[in-house]
Amino acid sequence: MTVISWIILGLLAGAVAKFLLPGRDPGGLVGTTLIGIAGAFIGGWISARWLDHPISKDFYDGATWAAVVGGSLVLLIGYRLLFGHSRD
């Protein structure tokens, strides 16, 4: 997949992560979107590096989607823990 594909996948993963973890985010829609893109890259890298699952060239690979959404969820949770109380 190209970098553009990973960005699109990250946008979708950010939306899925936001759906799975509803609530107010400190960064709003833009922050959640950027977290989704970063989660796509980090989740794909972790999957290829340590989970011994090479990244598929297919956009619709279920394992790639799971890794990307998982990476986005981890980053979203970490972001909320670090900056969650800044909007109170």
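Ile42, Trp45, Ile46, Trp50 and Leu51 form a nonpolar patch on the surface of this predicted model, with a joint accessible area of about 560 Å². Patch members have over 30% relative accessible area and no salt bridge, and nonpolar side chains (Val, Leu, Ile, Met, Phe, Trp, Tyr) are joined within 5 Å. A salt bridge is a side-chain nitrogen of Lys or Arg within 4 Å of a carboxyl oxygen of Asp or Glu. Areas follow the Shrake-Rupley method with a 1.4 Å probe, and for residues only the protein chains shown count as cover.

Ile46 lies in helix α2. Ile46 counts as partly exposed because its relative accessibility is 33%; buried means under 20%, exposed over 50%, and partly exposed in between (1.4 Å probe, protein chains only).

The protein has 3 helices and 0 strands. Helices (H or I, at least four residues) and strands (E, at least two) are DSSP runs, numbered from the N terminus.

| Helix | Residues | Supply to the largest nonpolar core |
|---|---|---|
| α1 | 3-20 | at least two residues |
| α2 | 28-49 | at least two residues |
| α3 | 62-83 | at least two residues |

That core has 10 residues, including Trp6, Ala13, Ile35 and Leu76. A nonpolar core is a set of buried Ala, Val, Leu, Ile, Met, Phe, Trp, Tyr and Cys residues joined through side-chain atoms within 4.5 Å. Not counting residues up to four places away in sequence, Ala13 touches Val68, Val69 and Ser72, where contact means heavy atoms within 4.5 Å.

Residues are numbered from 1 along each chain as its sequence is written. Local features need pLDDT of at least 70, side-chain atom pairs count only at pLDDT 80 or more, totals for chains, interfaces and linings use all residues, and side-chain values use heavy atoms, with hydrogens and water left out.

Terms used
Patch = residues over 30% accessible without salt bridge, like charges linked within 9 Å, V, L, I, M, F, W, Y side chains within 5 Å.
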